[in-house]
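Got the model open in your viewer? Let's walk through it one selection at a time.

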Amino acid sequence: MSYLKYEDVLRLVEVSEDLKRDRRERIREIEWEQRHAPPPKPRLALEGRPWDEERIIEREVIYEGTPPPRRYR
């Protein structure tokens with residue numbers, strides 16, 4: 001079994017601390033943006049848009065006897 005050298009472990013710890021610091025900084029930036037961003041504009045409610053309607057299509061398939069073999073493409 002081999003172990004990491006002390007210098008390697010130290011470097012990994014430094015990289016980990018850099019990542020944590022950068023992550024905290026980015027979180028602060030996001031919080032600031034959320035506090036200072038203009039409020040979102042209200043969306044217009046358009047009635048009767050055909051792509052908003054829910055569609056349900058039911059199909060019933062009945063095989064008499066053995067079903068046809070399945071084809072995979």
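## A stroll along the surface

Start by selecting Leu4, Val9, Leu12 and Val13: together they make a nonpolar patch on the surface, with about 350 Å² of accessible area between them. Keep in mind as you click around that this is a predicted model. Now narrow the selection to valine 13, which sits in helix 1. Is valine 13 buried, partly exposed or exposed? Its relative accessible area is 38%, and because buried means under 20% and exposed means over 50%, valine 13 counts as partly exposed.

**Zoom out for a moment.** Switch to a cartoon view of the whole protein. You'll find 1 helix and 0 strands. That helix, helix 1, covers residues 6-36. Next, turn on the surface: it comes to about 8800 Å² of accessible area, and carbon and sulfur atoms account for 54% of that. How many of the 73 residues are buried, as a percentage? The answer is 0%.

**Select Asp18, Arg21 and Asp22.** Show the side chains here. Aspartate 18 and arginine 21 meet in a salt bridge, at 3.1 Å from N to O. Why can they be linked along the helix? They are 3 residues apart in helix 1, so about one helical turn separates them. Arginine 21 has another partner to look at: it also forms a salt bridge with aspartate 22, where the closest N and O atoms are 4.0 Å apart. Color the three by accessibility and you'll get 30% for aspartate 18, 43% for arginine 21 and 41% for aspartate 22. With those values, aspartate 18 is partly exposed, and so are arginine 21 and aspartate 22.

**Move along to Arg26 and Glu29.** Here is another salt bridge, with the closest N and O atoms of glutamate 29 and arginine 26 lying 3.1 Å apart. What separates these two along the helix? About one helical turn, because they are 3 residues apart in helix 1. Arginine 26 is partly exposed at 40% relative accessible area, and glutamate 29 is partly exposed at 35%. Flick back to the previous stop to see how shared partners matter: salt bridges join Asp18, Arg21 and Asp22 into one network. In general, side chains of opposite charge can pair when their charged atoms come close. For the whole protein, the count comes to 5 salt bridges.

**Last stop: Lys20, Arg23, Arg24 and Arg28.** Select these four and you have a positive patch on the surface. Center on lysine 20, which is placed in helix 1. Its relative accessibility is 45%, so lysine 20 counts as partly exposed.

Notes:
Residues numbered from 1 in each chain as written. Predicted model: local features only at pLDDT ≥ 70, side-chain atom pairs only at ≥ 80, totals over all residues. Heavy atoms only, no water. Patch = residues over 30% accessible without salt bridge, like charges linked within 9 Å, V, L, I, M, F, W, Y side chains within 5 Å. Areas by Shrake-Rupley, 256 points an atom, 1.4 Å probe, with all protein chains shown as cover. Salt bridge = Lys/Arg side-chain N within 4 Å of Asp/Glu carboxyl O. Lys, Arg positive; Asp, Glu negative; His and termini not counted. Charge placed at Lys NZ, Arg CZ, Asp CG, Glu CD. Helix = DSSP H or I, 4+ residues; strand = E, 2+ residues; numbered from the N terminus. Buried < 20%, exposed > 50% of the residue type's maximum accessible area, 1.4 Å probe, protein only.
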